[in-house]
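Trainee: Got a minute to go through this one with me?
Mentor: Sure, put it up on the screen.
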Amino acid sequence: MRISRTFSLLLLAVLFFVPVAGTASPEEIDESIRRGVDFLLEDQNKNGSWGSPRQTKGLNIYAPIPGAHHAFRSAVTAMCVTALIESKLADEPGPEADALAAGESYILEELPKVRRATADAMYNVWTHAYGLQALVRMHARSEGDEERQAHIREVMKTQIDRLDRYESVDGGWGYYDFRAGTAKPSSSSISFVGATVLVAFHEVRQIEGIEVPQRLIDRAIAAVNRQRKSDNSYLYGEYMRTRPMYGINRAGGSLGRSQACNYALAIWGDETITTEVHDEWLDRLWKRNGWLDIGRKRPVPHEAWFSVAGYFYYYGHYYAGLCLELLPDDLRATHAESLSGILMNLQEKDGSWWDYPFYSYHQPYGTAFAIQTLSRCR
């Protein structure tokens, strides 16, 4: 029987690119987290940070020095701090607690200094968002130490101020501004960047004494909704609004960002993001994982089918992990089993996870995302 080329390619995708999920015990998940934390301890820089501009391939993304790398390193360090806290392995004295303390000192010092690298490169928006999430957890850990908590709150305010300053004129956030390079960015709002910031804002606003301007929240929600399609796939960015059926804007291309956008809208009170919506998109993440996995570890962004880039992979699974928190117990257990199985199957021999070769930031950020996801699967 003759098999079409299209069918053959799809069969290969199913057979070779979909990670095999299995049932993992809590002890096995804990061991996987343990190995990930061990990698972070080994990979930490002497100054407490993670990552560096060290080249890991010949082709790298546009990253004007030094500002882009200051933002990358600070963002990745904040993510690793969050991962160490959520792993629970730094709760007692030991090397994990020492690594956490060094990472916390680094971000308290560096976060207020981070700015956009150039008028057109605004990677710092990621730094401010993940910085806020780390600071929220640091604040909780510092209960009883009023002086330290006050310091942390002051740094939080600097990050909110930066996100206000670098908000797009259209609402929401982007990480490039190729339109004009104006003082107030004229960048296109990017759906998943807005979702990332909205998640951070929701967390930080729970802390007494910290305020986030309501106009920032309202404009970001509106921007994400303008990019939302009827099936809860999301445009990559608002600049693609006239091309809703372009590959990256279809369900396969949105697989790594729909969870982030759905979660962000849900926690801010959007009642149209129902349990059924979360269940459907978490189910898609498992059944169609091959569309994301085909892009994993490819050195060129967006070269895979549906223009998927490798760095969507662990990002998408992390926000899927957050979505678990909004589900009833039975669905949460089912999807947690799928998520943990996928991630544990992909852990590298050195204990790390990575999805896109990116200077030397890729292993710590992939590992941080995976640890945080698995922590929600226990």
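Mentor: Let's take the overall fold, then a histidine, then the cysteines.

Mentor: Bear in mind that this is a predicted model.

Trainee: How many helices and strands does the chain have?
Mentor: There are 15 helices and zero strands.

Trainee: And what's the radius of gyration of the chain?
Mentor: It comes to 20 Å, which agrees with the value near 21 Å for a compact globule of 378 residues. The C-alpha trace spans about 75 × 50 × 45 Å along its principal axes.

Trainee: What share of the residues is buried?
Mentor: Buried residues account for 59% of the 378. As for contacts between residues at least 6 apart in sequence, 72% of them join residues at least 24 apart.

Trainee: Switching to H317: where is it?
Mentor: H317 sits in helix α13, which covers residues 313-324.

Trainee: Buried or exposed?
Mentor: Buried, because its relative accessibility is 0%, and the cut-off for buried is under 20%.

Trainee: So which side chain does H317 make a polar contact with?
Mentor: That of N289, at 3.0 Å. Leaving out residues up to four places away in sequence, H317 also touches others, including L285, L292, L339 and T373.

Trainee: New topic. How many disulfides are there in the whole structure?
Mentor: Zero. For C323, the nearest cysteine sulfur is that of C261, 10 Å away. C377 is in no disulfide either, with the sulfur of C323 the nearest at 12 Å.

Trainee: Are those two buried or exposed?
Mentor: C323 counts as buried because it has 2% relative accessibility, and C377 counts as buried at 10%.

Notes. Residues numbered from 1 in each chain as written. Predicted model: local features only at pLDDT ≥ 70, side-chain atom pairs only at ≥ 80, totals over all residues. Heavy atoms only, no water. Helix = DSSP H or I, 4+ residues; strand = E, 2+ residues; numbered from the N terminus. Buried < 20%, exposed > 50% of the residue type's maximum accessible area, 1.4 Å probe, protein only. Polar contact = N/O pair within 3.5 Å; in protein donor to acceptor, adjacent residues only side chain to side chain. Contact = heavy atoms within 4.5 Å. Disulfide = S-S within 2.5 Å. Rg over C-alpha atoms; globule rule 2.2 N^0.38 Å.
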